[in-house]
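Here are a few exercises to work through with the model open beside you. Try each task before you read its solution.

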Amino acid sequence: LDATARHWYARTNAVEYAHFERCAKFRKWHLWLGCITISCTAVLGVIADKHMSGPSWFQHLHDHLLPFLSVVAPILTGLVSFLRFDEKSTLHHNAGARFASMKRELDVMIANCTSECDIDGVRRELKTICEKWDALTTQAPALYASEWVKIKKKIAESEEEIEKYHPRRDVESDGSMCLDPIA
(Lines give C-alpha, C1' and ligand atoms only; values in the text may rest on other atoms or scores of the structure.)
Protein backbone atom coordinates (compact mmCIF):
# COMPACT_ATOMS: atom_id res chain seq x y z
CA LEU A 1 0.00 0.00 0.00
CA ASP A 2 2.87 2.34 0.82
CA ALA A 3 4.44 1.71 -2.59
CA THR A 4 1.11 2.40 -4.29
CA ALA A 5 0.64 5.65 -2.37
CA ARG A 6 4.19 6.74 -3.24
CA HIS A 7 3.71 5.91 -6.92
CA TRP A 8 0.42 7.80 -7.02
CA TYR A 9 2.02 10.75 -5.23
CA ALA A 10 4.73 10.92 -7.89
CA ARG A 11 2.18 10.73 -10.70
CA THR A 12 -0.15 13.35 -9.18
CA ASN A 13 2.79 15.68 -8.64
CA ALA A 14 3.90 15.31 -12.26
CA VAL A 15 0.40 15.73 -13.71
CA GLU A 16 -0.29 18.71 -11.42
CA TYR A 17 2.90 20.34 -12.69
CA ALA A 18 1.98 19.62 -16.33
CA HIS A 19 -1.50 21.13 -15.94
CA PHE A 20 -0.18 24.28 -14.28
CA GLU A 21 2.50 24.60 -16.96
CA ARG A 22 -0.12 24.24 -19.72
CA CYS A 23 -2.32 26.78 -17.88
CA ALA A 24 0.52 29.33 -17.93
CA LYS A 25 1.20 28.72 -21.64
CA PHE A 26 -2.46 29.19 -22.58
CA ARG A 27 -2.65 32.39 -20.52
CA LYS A 28 0.45 33.74 -22.24
CA TRP A 29 -0.97 32.91 -25.69
CA HIS A 30 -4.31 34.46 -24.76
CA LEU A 31 -2.66 37.69 -23.65
CA TRP A 32 -0.39 37.97 -26.68
CA LEU A 33 -3.11 37.16 -29.22
CA GLY A 34 -5.58 39.45 -27.44
CA CYS A 35 -3.16 42.39 -27.28
CA ILE A 36 -2.21 42.02 -30.94
CA THR A 37 -5.89 41.82 -31.90
CA ILE A 38 -6.74 44.94 -29.90
CA SER A 39 -3.81 46.82 -31.43
CA CYS A 40 -4.74 45.82 -34.99
CA THR A 41 -8.39 46.78 -34.58
CA ALA A 42 -7.42 50.09 -32.94
CA VAL A 43 -5.03 50.99 -35.77
CA LEU A 44 -7.63 49.88 -38.32
CA GLY A 45 -10.21 52.14 -36.69
CA VAL A 46 -7.87 55.13 -36.71
CA ILE A 47 -6.76 54.63 -40.31
CA ALA A 48 -10.27 53.94 -41.60
CA ASP A 49 -11.64 57.05 -39.89
CA LYS A 50 -9.06 59.42 -41.41
CA HIS A 51 -9.83 61.11 -44.68
CA MET A 52 -7.67 60.54 -47.71
CA SER A 53 -6.08 64.00 -47.52
CA GLY A 54 -2.82 64.45 -45.71
CA PRO A 55 0.89 63.81 -46.19
CA SER A 56 1.96 61.36 -48.88
CA TRP A 57 3.33 58.92 -46.29
CA PHE A 58 -0.12 58.81 -44.69
CA GLN A 59 -1.73 58.21 -48.07
CA HIS A 60 0.72 55.36 -48.69
CA LEU A 61 0.06 53.94 -45.22
CA HIS A 62 -3.68 54.27 -45.74
CA ASP A 63 -3.59 52.56 -49.14
CA HIS A 64 -1.53 49.57 -47.99
CA LEU A 65 -2.27 49.11 -44.30
CA LEU A 66 -6.05 49.54 -44.45
CA PRO A 67 -6.67 46.50 -46.70
CA PHE A 68 -4.15 44.41 -44.76
CA LEU A 69 -5.66 45.22 -41.37
CA SER A 70 -9.17 44.81 -42.77
CA VAL A 71 -8.32 41.16 -43.34
CA VAL A 72 -6.04 40.51 -40.37
CA ALA A 73 -8.19 42.07 -37.61
CA PRO A 74 -11.25 39.82 -38.13
CA ILE A 75 -9.00 36.77 -38.50
CA LEU A 76 -7.30 37.53 -35.19
CA THR A 77 -10.65 38.20 -33.53
CA GLY A 78 -11.91 34.86 -34.82
CA LEU A 79 -8.82 33.08 -33.53
CA VAL A 80 -9.23 34.58 -30.06
CA SER A 81 -12.82 33.39 -30.04
CA PHE A 82 -12.21 29.98 -31.65
CA LEU A 83 -9.07 28.93 -29.79
CA ARG A 84 -10.51 29.89 -26.36
CA PHE A 85 -7.08 30.03 -24.72
CA ASP A 86 -8.53 31.73 -21.63
CA GLU A 87 -11.10 28.96 -21.11
CA LYS A 88 -8.49 26.24 -21.68
CA SER A 89 -6.17 27.96 -19.21
CA THR A 90 -8.88 27.90 -16.56
CA LEU A 91 -9.63 24.22 -17.18
CA HIS A 92 -5.97 23.31 -16.78
CA HIS A 93 -5.67 25.48 -13.67
CA ASN A 94 -8.66 23.74 -12.07
CA ALA A 95 -7.30 20.29 -12.97
CA GLY A 96 -3.88 21.19 -11.56
CA ALA A 97 -5.49 22.40 -8.34
CA ARG A 98 -7.46 19.16 -7.96
CA PHE A 99 -4.34 17.06 -8.54
CA ALA A 100 -2.52 19.22 -5.97
CA SER A 101 -5.28 18.49 -3.45
CA MET A 102 -5.02 14.78 -4.17
CA LYS A 103 -1.24 14.96 -3.81
CA ARG A 104 -1.60 16.55 -0.38
CA GLU A 105 -3.93 13.74 0.70
CA LEU A 106 -1.37 11.18 -0.45
CA ASP A 107 1.41 13.08 1.31
CA VAL A 108 -0.45 12.91 4.62
CA MET A 109 -1.20 9.22 4.04
CA ILE A 110 2.46 8.45 3.35
CA ALA A 111 3.52 10.41 6.43
CA ASN A 112 1.09 8.38 8.51
CA CYS A 113 2.35 5.14 7.00
CA THR A 114 5.93 5.85 8.07
CA SER A 115 4.71 5.33 11.62
CA GLU A 116 2.19 2.71 12.70
CA CYS A 117 -0.94 2.83 10.57
CA ASP A 118 -4.27 1.13 10.12
CA ILE A 119 -3.96 -1.05 7.01
CA ASP A 120 -7.73 -1.19 6.45
CA GLY A 121 -7.95 2.60 6.83
CA VAL A 122 -5.17 3.06 4.28
CA ARG A 123 -6.97 0.74 1.87
CA ARG A 124 -10.18 2.73 2.24
CA GLU A 125 -8.35 6.01 1.70
CA LEU A 126 -6.56 4.67 -1.37
CA LYS A 127 -9.87 3.44 -2.79
CA THR A 128 -11.41 6.88 -2.21
CA ILE A 129 -8.42 8.59 -3.84
CA CYS A 130 -8.62 6.13 -6.76
CA GLU A 131 -12.28 7.05 -7.30
CA LYS A 132 -11.43 10.77 -7.16
CA TRP A 133 -8.57 10.23 -9.59
CA ASP A 134 -10.81 8.37 -12.04
CA ALA A 135 -13.41 11.15 -11.93
CA LEU A 136 -10.77 13.85 -12.28
CA THR A 137 -9.12 12.11 -15.23
CA THR A 138 -12.37 12.11 -17.19
CA GLN A 139 -13.03 15.80 -16.38
CA ALA A 140 -9.54 17.21 -16.85
CA PRO A 141 -8.48 18.59 -20.22
CA ALA A 142 -6.07 16.42 -22.15
CA LEU A 143 -2.35 17.00 -21.99
CA TYR A 144 -0.36 16.83 -25.20
CA ALA A 145 1.67 13.73 -26.05
CA SER A 146 4.81 15.86 -26.24
CA GLU A 147 4.35 16.72 -22.55
CA TRP A 148 4.60 13.11 -21.43
CA VAL A 149 8.39 13.13 -21.73
CA LYS A 150 8.48 15.92 -19.14
CA ILE A 151 5.84 14.18 -17.05
CA LYS A 152 7.84 10.96 -16.90
CA LYS A 153 10.92 12.92 -15.83
CA LYS A 154 8.87 14.73 -13.18
CA ILE A 155 7.54 11.39 -11.88
CA ALA A 156 11.11 10.19 -11.32
CA GLU A 157 11.99 13.45 -9.53
CA SER A 158 8.86 13.19 -7.39
CA GLU A 159 9.68 9.63 -6.36
CA GLU A 160 13.08 10.83 -5.16
CA GLU A 161 11.47 13.78 -3.37
CA ILE A 162 8.90 11.69 -1.50
CA GLU A 163 11.64 9.26 -0.44
CA LYS A 164 13.69 12.17 0.91
CA TYR A 165 10.85 13.64 2.98
CA HIS A 166 9.22 10.36 4.01
CA PRO A 167 11.86 7.62 4.00
CA ARG A 168 10.44 4.10 3.97
CA ARG A 169 10.56 2.51 7.34
CA ASP A 170 11.21 -0.94 5.88
CA VAL A 171 14.43 0.07 4.07
CA GLU A 172 17.76 0.54 5.82
CA SER A 173 20.03 3.46 4.92
CA ASP A 174 22.21 1.08 2.87
CA GLY A 175 19.20 0.02 0.79
CA SER A 176 18.70 -3.41 2.40
CA MET A 177 15.30 -4.42 3.70
CA CYS A 178 14.58 -4.43 7.45
CA LEU A 179 13.29 -7.64 8.91
CA ASP A 180 11.25 -5.78 11.50
CA PRO A 181 9.14 -3.07 9.78
CA ILE A 182 8.80 -1.17 13.04
CA ALA A 183 12.60 -0.99 13.60
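**Exercise 1. Classify Trp29 and Phe85 as buried or exposed, then describe their ring pair.**

Solution. Start with Trp29: its relative accessible area is 52%. The cut-off for exposed is over 50%, so Trp29 is exposed in this predicted model. Next, take Phe85, whose relative accessible area is 13%. Buried means under 20%, so Phe85 is buried.

Now turn to the rings. The centres of the Trp29 and Phe85 rings are 6.3 Å apart, and the planes stand at 40°. Planes under 30 degrees apart would count as stacked and over 60 as edge-to-face, so this pair is tilted. Finally, place the partners: Trp29 belongs to helix α1 and Phe85 to helix α3, so the pair ties together parts 56 residues apart in sequence.

**Exercise 2. Find how the rings of Trp8 and Trp133 are arranged, and where the two residues lie.**

Solution. A search of the whole structure gives four aromatic pairs. For Trp8 and Trp133, the ring centres are 5.9 Å apart and the planes meet at 70°, so the pair is edge-to-face. Trp8 sits in helix α1 and Trp133 in helix α4, 125 residues apart. Both Trp8 and Trp133 are buried. To complete the picture, add Phe99: together with Trp8 and Trp133 it forms one aromatic cluster.

**Exercise 3. Work out which helices supply the largest nonpolar core, and which residues touch the most other members.**

Solution. First count the core: it has 24 residues, and those touching the most other members are Ala5, Trp8, Leu106, Met109, Leu126, Ile129 and Ile151. Then assign helices: α1 (2-49), α3 (85-113), α4 and α5 (148-165) each supply at least two residues. Zoom in on Leu126, which touches Leu1, Thr4, Ala5, Trp8, Leu106 and Met109 once residues up to four places away in sequence are set aside. A second, separate core has 11 residues, including Cys40, Leu44, Leu69 and Phe85.

**Exercise 4. Locate the nonpolar surface patch that includes Ile75, and say how accessible Ile75 is.**

Solution. Begin with the members: Val71, Ile75 and Leu79 make a patch of about 250 Å². Ile75 lies in helix α2, which spans residues 56-83. With 49% relative accessibility, Ile75 counts as partly exposed.

**Exercise 5. Summarise the fold of the chain.**

Solution. Count five helices and zero strands, giving the pattern α-α-α-α-α along the sequence. Then check burial: 31% of the 183 residues count as buried.

How values were computed
Residues numbered from 1 in each chain as written. Predicted model: local features only at pLDDT ≥ 70, side-chain atom pairs only at ≥ 80, totals over all residues. Heavy atoms only, no water. Patch = residues over 30% accessible without salt bridge, like charges linked within 9 Å, V, L, I, M, F, W, Y side chains within 5 Å. Areas by Shrake-Rupley, 256 points an atom, 1.4 Å probe, with all protein chains shown as cover. Salt bridge = Lys/Arg side-chain N within 4 Å of Asp/Glu carboxyl O. Helix = DSSP H or I, 4+ residues; strand = E, 2+ residues; numbered from the N terminus. Buried < 20%, exposed > 50% of the residue type's maximum accessible area, 1.4 Å probe, protein only. Core = buried A, V, L, I, M, F, W, Y, C linked by side-chain atoms within 4.5 Å. Contact = heavy atoms within 4.5 Å. Phe/Tyr/Trp six-rings, centres within 6.5 Å; stacked < 30°, edge-to-face > 60°.
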